[in-house]
Amino acid sequence: MLEDKDPIETREWLESLKSVMDSEGAERAAFIIGRLTEMAMDGGVRLPDAITTSYTNTIDPIDEKRMPGDLFIERRIRSMIRWNALAMVMRANQNDEGLGGHISSFSSSAMLYDIGFNYFFRGDGLGQPADLIYFQGHVAPGIYARSYLEGRISEDQLNNFRREVDGEGLSSYPHPWLMPDYWQFPTVSMGLGPIQAIYQAHVMKYLTKRELVDNSDRKVWGFLGDGECDEPESLGAISLAGREKLENLIFVVNCNLQRLDGPVRGNAKIVQELEGVFRGAGWNVIKVLWGRHWDPLLQRDKTGLLKKRMDEVCDGELQNYKANGGAYTREHFFGKYPELLELVKDLSDDDIMYLNRGGHDPYKVYAAYEQAMSHKGQPTVILAQTVKGYGMGAAGEAQNETHSLKKLDIESLKSFRTRFNIPFTDEQLQLQDMPYYRPDPQSTEMVYMRNRREELGGVLPKRQALATVLQVPPLESYKAQLKGSGERSISTTMAFVRILSTLTKDKSIGERIVPIVPDEARTFGMEGMFRQLGIYSSKGQNYTPHDSDQIMFYKEDEKGQILEEGINEAGATSAWIACGTSYSTNDFPLIPFYIFYSMFGFQRVMDLLWAAGDSQTRGFLLGATAGRTTLNGEGLQHQDGHSHLMAHMIPNCISYDPAYSYELAVIMQDGLRRMYEEGENVFYYITLMNENYQMPEIPAGVEQGILAGMYPLEKASDSSKRTVQLLGSGTILLEVRAAAEILRNEYNIDADVWSVTSVNELVREAQDCQRWNLLHPEETQRSPYITQMLAPADGPVVASSDYIKTHFNQLAPFVPQNFSVLGTDGYGRSDTRGKLRQFFEVDRHYVVLAALKALADEGDVEHAVVSAAMAKFGIDPAKPNPMTV
């Protein structure tokens, strides 16, 4: 702070402002401050970088909307929920110490959820879609405890918390894959809930603007922790929400001031930091810091010292006050100024201890939610100050180790029981299994609880698992791709864009197609869709684009169909998830196609894509410019040689690496059928290349082979004396076919050439056969598809792809012949495609060399032939391993 050189003048300004506030109200005062700010900026006066308010509640007590319900009944219900959440976790750990579970996060945020459930979270029973709630992952026990009181979850299920293998358990955190009728969104990988909530609200507005679904009176609630806000995904997209004016979005940040190991900002104030960040991003900020027991003190404080003390104290000390009790707080908080000690002289140490934080006060929380619901033109964030481990006393309240607390000692348990009026005796608490508490269904509390939810449209959380069945176009609709490109050379990326254009014109599903790009539409040849479909913008287009005189001008539109999310892969992926789960959240299936540089897909946003699998997302991911050598000029950071291995990690991700446009058409049509006609909970990852070559016509009868993962493309002559099996995928299939020609023409060696469209599908099917055989030892053993295809074939097998060797090597156990693999191991680099393929040892000459070496090892050619081939092709045996350079 600068020194005040003229305190008298300062006081005159402050008194003038106070006079305006007292006589004409806060709105008039805000207007004057705004005009003064404009004048200061015009005059070159530097203003604070981030605008924060004092460390007090945003809503003045006189402006608080009164909570209409029964405070005492609600407290009893909330106490039961707290108890059952604690009992569930304790029971789990009494029976098995290793199961774990979290009780502190819910203890601090129980009020935040309770007020929402009682007054604001709308279900789907009111003739409109339900609100969408992104629960903070660690509070799951509290949500289960509420559902137990509602009769939705049984005692047996509570007893099987974190015991899911036998089918009766409750998942540790929100997981739709494991509880498909209950949880909607996976949120416990911290940071993923907030960004998904933002893009969910964004997509809901997109649907409303396009007049596909009316989401105009519907909210998205995102609950997160203050420590979680340090994750880049938590705050990385808040500017989008502010820019798009997503008034349908409400964040509730549980500011218990603690992370897993200690304070979030021990030496500073996390609430003030978050206020500045959110306000700067265009959000409406509501701070709920102090409970109503502080209101009389603030009203009696005529010196302003109490607010001053609230402003200056750091979070580490705020934690200490709750951890060390009332006497400590009197000495260290109020004791700094004699006037404050005088202010609390009539309060006992216990009274001071129970001066409550705002996030534990139902009236304060209700007032904040009510204001957030009615606020227009901005998203709202509620910063609610709470105490981690609230109610656990000395065993865990505001302690650094609170996050990992799984159980209470008997004295702390008794204290907890007494504090929350749970009717159990000391003897009952000493049972091996802690008792649950659920009163009679016709008790006052249970009737009240049911009535509150009925008035709001039914129980939550609740997920719609079934979806509307769509009629997708038959394969014949893609005749342009099936008949090939003739003399023209095109890329599989171009073939995809043509298929996508065909789909957007389909009368049945065209309006449901959602093309999504981060910021590379022109790279992928999609700029023709700008004018055809329009780029979604909530504001339309308030300018004339410089290329407006061109056919493919940049067209933004309120009803635009394309989602172009800027240079933001995490945001585009979150939008894709929101669209891919629209069948559940909106009862309106969308068909999203997210196309991206393949290197910036799985590698960059794998955590979100894992969440997509958990969410049962349906749609297509298109990894364009895929492979380590097809994107030749961009270099190490751009060249993908491993995305298919990452796709293989997600159980419900179906991945393909097609070489030809007809393969792509068959795969996409079948994907649409499986996801949108059959309702399978899978999504597709398809790699595309930007290399142009002639696309052949589809051979007869290959469709099932394409989908299974491989099919014969060229067959060796029956009279051939020496034969090899050459497998190739993606763009490297062309090198394999060229190698087959060299072997025939120059070495009198024939080859069967196989197009491998999906190594991962072949591996999964083969491993499934292995598993079946293991479990059925006395029955006829099954043979994997790849084994069936290759078993009758002659000669060794050589496989080549634009991916690292591990990708194809997954097939080794299922190939009956001698099997060798070529791949692009090592870091990428810039050069021509030919040089790169030579460097990574996957070009046609290395395929020939590998085939000759395999035949030589089997005694069908002399090893000298292999050496001669190396000399002929200029292959240096002393060449460094690409892995090392």
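This is a guided tour of a predicted model, arranged as a series of selections to make in the viewer.

**The nonpolar cores**

Begin with the largest nonpolar core, which has 93 residues, and select Phe 496, Phe 593, Phe 620 and Leu 726, the residues with the most contacts inside it. Keep Phe 620 selected and display its surroundings: leaving aside neighbours within four places in sequence, Phe 620 is in contact with several residues, including Trp 576, Ile 591, Pro 592, Phe 593 and Tyr 594. The list of contacts of Phe 620 also takes in Met 668, Gly 671, Leu 672, Met 675, Tyr 684 and Ile 686. A second core, separate from this one, has 87 residues, and Leu 212, Leu 224, Val 313 and Leu 608 are among them.

**Helix 24**

Trp 576, already displayed as a contact of Phe 620, is one of the buried residues of helix 24, so select residues 569–580 next to show the whole of that helix. How many of the residues of helix 24 are buried? The count is 12 of 12, so the helix is largely enclosed by the rest of the structure. A distance drawn between the C-alpha atoms at its two ends should read 16 Å, which agrees with the 16 Å expected for 12 residues at 1.5 Å a residue.

**Three salt bridges and a network**

The structure holds 44 salt bridges, and the tour stops at a few of them. Stay with helix 24 and select Glu 569, which forms a salt bridge with Arg 604, the closest N and O atoms being 3.0 Å apart. Because Glu 569 lies in helix 24 and Arg 604 in helix 26, this pair ties together parts that are 35 residues apart in sequence. Glu 569 counts as buried at 11% relative accessibility, whereas Arg 604 is partly exposed, with a relative accessible area of 49%.

Select Asp 230 and Arg 265 next, a salt bridge whose closest N and O atoms are 2.7 Å apart. Asp 230 lies in the loop between strand 2 (220–225) and helix 8 (232–235), and Arg 265 in the loop between strand 3 and helix 10 (270–280), so here too the pair ties together parts that are 35 residues apart in sequence. Asp 230 is partly exposed at 40% relative accessible area, while Arg 265, at 19%, counts as buried, since the cut-off for that term is under 20%.

For a link between distant parts of the chain, select Glu 691 and Arg 833, which are 142 residues apart and form a salt bridge with their closest N and O atoms 3.9 Å apart. Glu 691 is in the loop between strand 14 (683–687) and strand 15 (693–694), and Arg 833 is in helix 34 (residues 833–839). Glu 691 counts as buried at 13% relative accessibility, and Arg 833 is partly exposed at 23%.

Then select Glu 411, Lys 414, Arg 417 and Asp 426 together, which are linked in a network of salt bridges.

**Backbone geometry**

Most residues other than glycine have a negative phi, and most peptide bonds are trans. Against that background, select Leu 460 and Pro 461, where the peptide bond is cis, with omega near -5°. Pro 461 is found in the loop between helix 20 (444–455) and helix 21 (479–482).

Two further selections have a positive phi without being glycine. Lys 245, with phi of about 55°, is found in the loop between helix 9 (238–243) and strand 3 (249–255). Gln 616, with phi near 60°, is found in the loop between helix 26 (602–614) and strand 12 (620–624). Which of these two settings is buried and which partly exposed? Lys 245 is partly exposed, with a relative accessible area of 42%, whereas Gln 616 is buried, at 4%.

**A buried histidine and a surface patch**

Select His 360, in the loop between helix 16 (349–353) and helix 17 (362–374), where its relative accessibility of 7% counts as buried. Not counting residues up to four places away in sequence, His 360 touches Ser 107, Ser 108, Met 111, Gln 385, Thr 386, Val 387 and Tyr 390.

Finish on the surface with Met 41, Val 45 and Leu 47, a nonpolar patch with about 270 Å² of accessible area together. Leu 47 is in the loop between helix 2 (26–42) and helix 3 (71–95), and is partly exposed, with a relative accessible area of 31%.

Methods. Residues are numbered from 1 along each chain as its sequence is written. This is a predicted model: local features need pLDDT of at least 70, side-chain atom pairs count only at pLDDT 80 or more; totals for chains, interfaces and linings use all residues. Side-chain values use heavy atoms; hydrogens and water are left out. Helices (H or I, at least four residues) and strands (E, at least two) are DSSP runs, numbered from the N terminus. Buried means under 20% relative accessible area, exposed over 50%, partly exposed in between (1.4 Å probe, protein chains only). A nonpolar core is a set of buried Ala, Val, Leu, Ile, Met, Phe, Trp, Tyr and Cys residues joined through side-chain atoms within 4.5 Å. Contact means heavy atoms within 4.5 Å. Patches are made of residues with over 30% relative accessible area and no salt bridge: like charges are joined within 9 Å, nonpolar side chains (Val, Leu, Ile, Met, Phe, Trp, Tyr) within 5 Å. Accessible areas come from the Shrake-Rupley method with a 1.4 Å probe; for residues, only the protein chains shown count as cover. A salt bridge is a side-chain nitrogen of Lys or Arg within 4 Å of a carboxyl oxygen of Asp or Glu. The expected span of a helix is 1.5 Å times one less than its number of residues.
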